[in-house]
Amino acid sequence: MEAHLIPAVPSSVYYIADFITAEEEAFLLRSIPSNRWVPLSHRRLQALPSRLTTNNTLLPSPLPAWLEHPVLERLKSLDGMFGDAPHGINHCLINEYLPGQGIMPHEDGGAYHPVVATVSLGGSTVLKVSQKRAADSAPAGTLEDPSSGAGTKTWRILQEPRSLLITCGSAYTETLHGIAEIMEDVDLSEHTVANWSLLGDRQHFVAQGGRSERETRISLTLRDVKKVSGLGAKLFGKVR
Ligand SMILES: O=C(O)CCC(=O)C(=O)O
């Protein structure tokens, strides 16, 4: 995994270009249930196997079979990234962003084991990662954009379709992440993109003059919810 570590960003964020093939991407896009979307004002999402209860507990149910190959299988083979997670991986949040849509800077918080894997499908986007300020150490949830804070360190991570991003360690606990609500990401270069050297197709962005028009993007964010209600923990134990 060391070869995939994004330099300069707080430790540890890994980027793997072409984590899945174009055929696998098409299979995943076909498999996402069309009747489970929850519309939000700026995007839509669905949670598999279900949303967490009010006290951040997951009800007992396995992840759908279509996530097993290639996504879960391949994640399990990544040098024990989820090795310390109590159940392996038991939750997948699916976000869909149309051009111009994004997500406010936030942290994923304490409901999850502090490792998150994001598989990107469809379009490219820039994830903005920023160092939390003291004032951001509030309870987990959606936070105001900290980019106006003087001296706040930020990094840009370009997520190509079919890539995998893994965030853990102090990057999980000490940073916020968000996606700007814009139609096009601009000024993409080795000087402005933290994972430039790890991109699968840098030339594509160079040829576009450092610009990338947003297209519909779907992300699968895979995590381990720490609290599973009693029966579930026994029936659907560690996914390894
Ligand atoms: O779509 C993404 O890449 C980010 C999703 C995200 O921030 C989240 O699910 O908490």
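Here is a short chat about a predicted model of one protein chain with a ligand.

Reader: Let's start simple. How many helices and strands does the chain have?
Author: This is a predicted model, so keep in mind that we're talking about computed values. Going through the chain, you'll find strands as well as helices. The tally is five helices and 15 strands.

Reader: What share of the residues in the chain is buried?
Author: A residue counts as buried when its relative accessible area is under 20%. The chain has 240 residues to sort that way. The buried share comes to 51%.

Reader: And what part of the contacts links residues 24 or more positions apart?
Author: Here we look at contacts in the chain with a separation of 6 or more. Among those, the share from residues 24 or more positions apart is 85%.

Reader: Now the ligand. Where does it sit, and how much of its accessible area does the protein cover?
Author: The ligand is found in the largest pocket, where polar side-chain atoms meet its oxygen atoms: His106 has one at 2.8 Å, and Arg223 has an N or O atom at 3.0 Å. On its own, the ligand has 290 Å² of accessible area. The protein covers 95% of that.

Reader: Which strand gives the most residues to the shell around the ligand?
Author: The shell holds 14 residues, with Tyr97, His106, His177, Arg217 and Ser219 the closest. Elements giving two or more residues are strands E5 (91-97), E6 (103-106), E11 (175-179) and E14 (217-223). With four residues, the top contributor is E14.

Reader: How far is the side chain of Arg217 from an oxygen atom of the ligand?
Author: Arg217 is one of the closest residues to the ligand. The atom to look at is an N or O atom in its side chain, paired with a ligand oxygen. That distance is 2.8 Å.

Reader: I spotted Asn90 in a loop. Is Asn90 buried or exposed?
Author: The loop in question runs between helix H2 (68-76) and E5. Asn90 has a relative accessible area of 9%. The cut-off for buried is under 20%, so with 9% Asn90 is buried.

Reader: Which residue's side chain makes a polar contact with the side chain of Asn90?
Author: Leaving aside neighbours within four places in sequence, Asn90 is in contact with several residues, including Leu48, Pro49, Arg223, Asp224 and Val228. The polar contact between side chains has a distance of 3.1 Å. The partner is Asp224.

Reader: Which proline comes after a cis peptide bond?
Author: Most peptide bonds are trans, so a cis one is worth a look. There is a cis bond from Ser11 to Ser12, with omega near 5°, and Ser12 is in the segment before strand E1 (13-16). The other bond starts at His69, has omega near 10° and leads into a residue of helix H2. That residue is Pro70.

Reader: What is phi of Asn56 near, and is Asn56 buried or partly exposed?
Author: Most residues other than glycine have a negative phi. Asn56 has a positive phi, near 60°, and it is found in the loop between strand E3 (44-48) and strand E4 (57-58). With a relative accessible area of 36%, Asn56 is partly exposed.

Reader: Where is Asp187 found?
Author: Asp187 is a residue other than glycine with a positive phi, near 60°. To find Asp187, look past strand E12 (184-185) and before helix H4 (202-207). Its place is the loop between E12 and H4.

Definitions and conventions. Residues are numbered from 1 along each chain as its sequence is written. This is a predicted model: local features need pLDDT of at least 70, side-chain atom pairs count only at pLDDT 80 or more; totals for chains, interfaces and linings use all residues. Side-chain values use heavy atoms; hydrogens and water are left out. Buried means under 20% relative accessible area, exposed over 50%, partly exposed in between (1.4 Å probe, protein chains only). Contact means heavy atoms within 4.5 Å. A residue is near a molecule or strand if one of its heavy atoms lies within 4 Å of it. A polar contact is a pair of N or O atoms within 3.5 Å; within protein, one must be able to donate a hydrogen and the other to accept it, and residues adjacent in sequence count only if both atoms are side-chain atoms. Accessible areas come from the Shrake-Rupley method with a 1.4 Å probe; for residues, only the protein chains shown count as cover. On a 1 Å grid over the protein atoms alone, a cavity is a set of points where a 1.4 Å probe fits but cannot get out, and a pocket is an open set with protein on both sides within 12 Å along at least five of seven lines; lining residues have an atom within 4 Å of a point. A molecule sits in a cavity or pocket if more than half of its atoms lie within 2 Å of its grid points.
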